[in-house]
2 protein chains.
Amino acid sequence: MTAAPNQAITAAILVIGDEILSGRTKDANIGYIADYMTLIGVDLKEVRVVPDEEAEIVAAVNALRTRYTYLFTTGGIGPTHDDITADSVAKAFGVPIDVDQRAVDMLLTRLKREDLNEARLRMCRIPQGAELVANAVSAAPGFRMGNVFVMAGVPRIMQAMLDVIGPTLQTGAKMLSETLEAGLPEGAYGSALGEIQKRFPQTSIGSYPHFNTSGGGFSNQIVVRSKDPALLAEAVAAVRLMIEELKAARGL
Amino acid sequence: MTAAPNQAITAAILVIGDEILSGRTKDANIGYIADYMTLIGVDLKEVRVVPDEEAEIVAAVNALRTRYTYLFTTGGIGPTHDDITADSVAKAFGVPIDVDQRAVDMLLTRLKREDLNEARLRMCRIPQGAELVANAVSAAPGFRMGNVFVMAGVPRIMQAMLDVIGPTLQTGAKMLSETLEAGLPEGAYGSALGEIQKRFPQTSIGSYPHFNTSGGGFSNQIVVRSKDPALLAEAVAAVRLMIEELKAARGL
């Protein structure tokens with residue numbers, strides 16, 4: 001569903017897990033969700049990573065869910081004692097939480113009833129009022145509580161859940177972007193690029209240096225972003241002209 | 001310098017940049033800094049990613065610098081208009097900012113004076129009272145303002161700056177950890193592992209499922225962490241015994 005023109009649909013990500021903060025696990029979900037949101041027209045505005053501590057999770061959930069259209073959490077919904085996301089989200093919303101029969105039924109599509117022990121039932125604890133999000137990989141569901149989507153931390157499962165969630169989201173105009181190779185040092189075009197940004201305040205122009213580890217030192221890319229294709233084209237043309245003029249002045 | 005025993009030294013990371021939130025650039029600094037902090041005995045407690053917007057940067061800098069021993073920022077200190085980190089940090093501390101002659105001198109070790117244009121001088125804007133952090137890669141410095149370390153976003157430069165910063169940090173006892181392959185589904189040991197966590201409240205025990213894309217489905221690792229080597233060994237022994245008993249009960 002597409003929002004009214006000019007209505008920005010925003011989102012935040014909350015990554016939950018000591019293993020990310022200790023460096024043991026390298027997060028792969030932030031970049032994936034960021035790409036996904038850009039593709040469907042949702043503006044990702046903030047990311048936080050917090051440890052497996054209830055007070056931290058509750059505070060972050062409440063700070064982010066009240067500020068953005070959507071909040072996506074990853075991590076902490078498995079069967080072990082350190083998985084406290086569902087309980088924390090229930091607390092953030094001030095609702096009870098218990099084993100949810102719908103979640104039990106989902107697990108039973110993969111498990112024998114005699115294997116449904118206390119630990120696995122922990123994965124069926126769902127805050128009252130939440131809708132379940134199917135998990136095509138390992139059955140244990142995520143859920144949606146208000147504007148908060150609670151997903152697994154394992155990237156493959158998170159991605160499967162996001163495929164279920166994506167089509168249900170309200171989306172805004174898509175951010176369009178064009179990338180130009182500068183072929184010049186940033187310091188050579190910084191001021192001129194700033195002037196172009198001022199001329200096109202409704203576009204967002206960024207300059208991104210990249211170090212080529214395979215040799216060749218730095219290369220710089222200029223990215224122009226706008227939701228308006230005509231404005232984007234105008235700003236890109238201005239940046240292209242700037243690059244050509246600066247190169248010509250250097251005999252390049 | 002090592003802190004008094006039992007004094008935890010904490011840190012947060014603030015990643016600054018639209019390019020991370022749009023998905024264009026995949027962050028590589030969070031995991032690197034997390035590993036580095038664990039290695040030297042600093043507890044990374046929180047990470048935030050915010051866009052190139054002054055109000056957002058100021059709010060996040062102030063929220064994090066007042067709560068943790070150290071705050072490390074990455075990104076937004078280049079020569080283009082979207083590089084607003086130094087000005088935002090000055091605002092967060094309520095101090096003036098201007099071109100700093102020490103930073104100019106550093107740039108002049110790499111640049112000819114005639115190439116020191118307005119854009120490059122932007123990289124020399126340093127909040128009053130800050131100490132510079134040398135940049136062995138491309139000369140433009142980072143800085144330390146109070147307990148806030150402002151670093152570049154390009155991983156290679158950030159890493160060079162962190163090598164300068166690391167030895168100046170106060171550090172606590174190092175977190176020790178041991179990893180055991182469970183060889184069992186998480187649901188089979190979740191309850192028993194929770195009991196072990198209760199018996200060893202001063203250790204932190206986590207269970208991390210991993211999906212092997214090369215085949216073989218999921219494997220689970222149990223990580224036991226503690227700053228006390230004797231406690232760590234005791235808890236690890238308990239986890240190892242639990243695994244052996246559960247495997248034996250399944251005829252594995």
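**Exercise 1. Two helices in chain B**

At what angle do helix 2 of chain B and helix 7 of chain B pack, and how far apart are their axes? Then classify the pair and list the residues in contact.

Solution. Note that the model is a predicted one.

Step 1. Find the helices. Helix 2 of chain B covers residues 29-40, and helix 7 of chain B covers residues 155-165.

Step 2. Read the geometry. The angle is about 20 degrees, and the axes are 11 Å apart.

Step 3. Classify. Angles under 35 degrees count as roughly parallel. Helix 2 of chain B and helix 7 of chain B are therefore roughly parallel to each other. Their crossing is right-handed.

Step 4. List the contact residues. Helix 2 of chain B supplies Asn29(B), Tyr32(B), Ile33(B) and Tyr36(B). Helix 7 of chain B supplies Pro155(B), Met158(B), Gln159(B) and Leu162(B).

**Exercise 2. A three-stranded sheet in chain A**

Work out the strand order of the open sheet of three strands in chain A, and explain why strand 9 and strand 10 have one side without a neighbour.

Solution.

Step 1. Write the order. In chain A it is 9-11-10, with antiparallel pairing.

Step 2. Look at the edges. Strand 9 (176-181) and strand 10 (204-212) of chain A each have a single partner strand, so one side of each has no neighbour in the sheet.

Step 3. Add the twist. From one strand to the next, the average is 25 degrees.

Step 4. Check one pair. Strand 10 of chain A is joined to strand 11 (residues 217-226) of chain A by nine bridges, and the two run antiparallel. Within this pair, Tyr208(A) has Gln221(A) as its bridge partner.

Step 5. Place the helix. Helix 9 (residues 229-249) of chain A lies across strands 9, 10 and 11 of chain A. Helix 9 runs at about 150 degrees to strand 11 of chain A.

**Exercise 3. Strand 2 of chain A**

Decide whether strand 2 of chain A is mostly covered, and find its partners.

Solution.

Step 1. Check burial. Strand 2 of chain A spans residues 43-50, and eight of its eight residues are buried.

Step 2. Pair within the chain. Seven bridges link strand 2 of chain A to strand 1 (residues 10-16) of chain A, running parallel. Here Thr10(A) partners Asp43(A).

Step 3. Pair across chains. Three bridges link strand 2 of chain A to strand 2 (residues 43-50) of chain B, running antiparallel. Here Val49(A) partners Val47(B).

**Exercise 4. The largest nonpolar core**

Which residues touch the most other members of the largest nonpolar core?

Solution.

Step 1. Name them. Among 107 residues, they are Leu14(A) and Leu14(B).

Step 2. List contacts. Beyond its neighbours within four places in sequence, Leu14(A) contacts residues including Arg48(A), Val50(A) and Leu64(A).

Key. Residues are numbered from 1 along each chain as its sequence is written. Chains are lettered from A and ligands numbered from 1 in the order in which they are written. This is a predicted model: local features need pLDDT of at least 70, side-chain atom pairs count only at pLDDT 80 or more; totals for chains, interfaces and linings use all residues. Two strands pair if DSSP finds at least two bridges between them. Helices (H or I, at least four residues) and strands (E, at least two) are DSSP runs, numbered from the N terminus. Axes are lines fitted to C-alpha atoms, for helices over the stretch in contact, and angles run from 0 to 180 degrees between N-to-C directions. Two residues are in contact if their C-beta atoms, placed from the backbone, lie within 7 Å. A nonpolar core is a set of buried Ala, Val, Leu, Ile, Met, Phe, Trp, Tyr and Cys residues joined through C-beta atoms within 7 Å. A residue is buried if 20 or more other C-beta atoms lie within 10 Å of its own, exposed if 12 or fewer, and partly exposed in between; C-beta atoms are placed from the backbone. Angles under 35 degrees count as roughly parallel, over 145 as roughly antiparallel, 65 to 115 as roughly perpendicular and the rest as oblique. A crossing is left-handed if the near helix is turned anticlockwise from the far one by less than a right angle, and right-handed if clockwise.
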